[in-house]
Amino acid sequence: MTKKKKLMKRIGFILIAVIILISLSAFIFLKINTYKPLEEASDMLDLPNVTETADWIKLSQNEPEVRLVFYPGGLVEPVSYVPLLEPLTDEGYEVFIIKMPLNLAILNADAIEDVQESEPTELLLT
């Protein structure tokens, strides 16, 4: 193997290592800087009208009139929004709080389609 090929191979390995290190650092940064929910918000997951799945948190009453699909803010855990959105169920809303990868909505912009496929409805969608 020539010197040039050895040098290119070494540079390639170094670039791959740097990319992996940067990706790992970014992942750790996002996990550390995610805003955690208050204990009161976490306790609300035990309410009878709150259902949690791997993809979303559903808040609903017996006869919802309108469906609201809520995309959480960046780096905020979805549970944090339960106290804010739960009162809407008394007004006839069925609310879905979507769980996003790395808590960034930009990484799953079409999540509303998953809700429609999993739980089809004739409700007005907002």
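A residue counts as buried when its relative accessible area is under 20% and as exposed when that area is over 50%. In this predicted model, buried residues make up 29% of the 126 residues of the protein.

**Fold and overall form**

The protein contains four helices and five strands. Read from the N terminus, its elements follow the order α-α-β-β-β-α-β-α-β. The protein is more spread out than a compact globule, because its radius of gyration is 21 Å, well over the 14 Å that the globule rule gives for 126 residues. Along the principal axes, the C-alpha trace spans about 75 × 35 × 20 Å.

**Contacts, surface and charge**

Among contacts with a separation of 6 or more, 75% join residues that are 24 or more positions apart. Of the surface that the protein exposes, carbon and sulfur atoms supply 62%. The centres of the positive and the negative side chains lie 35 Å apart. The following table lists values for the protein as a whole.

| Property of the protein | Value |
|---|---|
| Exposed area | about 8,700 Å² |
| Positive side chains | 11 side chains |
| Negative side chains | 19 side chains |

**Isoleucine 22**

Helix α1 covers residues 3-32 and includes isoleucine 22. The relative accessible area of isoleucine 22 is 55%; this residue is therefore exposed, since the cut-off is over 50%. Glutamate 122 stands 100 residues from isoleucine 22 along the chain, and the C-alpha atoms of the two residues are separated by 46 Å.

How values were computed:
Residues numbered from 1 in each chain as written. Predicted model: local features only at pLDDT ≥ 70, side-chain atom pairs only at ≥ 80, totals over all residues. Heavy atoms only, no water. Helix = DSSP H or I, 4+ residues; strand = E, 2+ residues; numbered from the N terminus. Rg over C-alpha atoms; globule rule 2.2 N^0.38 Å. Buried < 20%, exposed > 50% of the residue type's maximum accessible area, 1.4 Å probe, protein only. Contact = heavy atoms within 4.5 Å. Areas by Shrake-Rupley, 256 points an atom, 1.4 Å probe, with all protein chains shown as cover. Lys, Arg positive; Asp, Glu negative; His and termini not counted. Charge placed at Lys NZ, Arg CZ, Asp CG, Glu CD.
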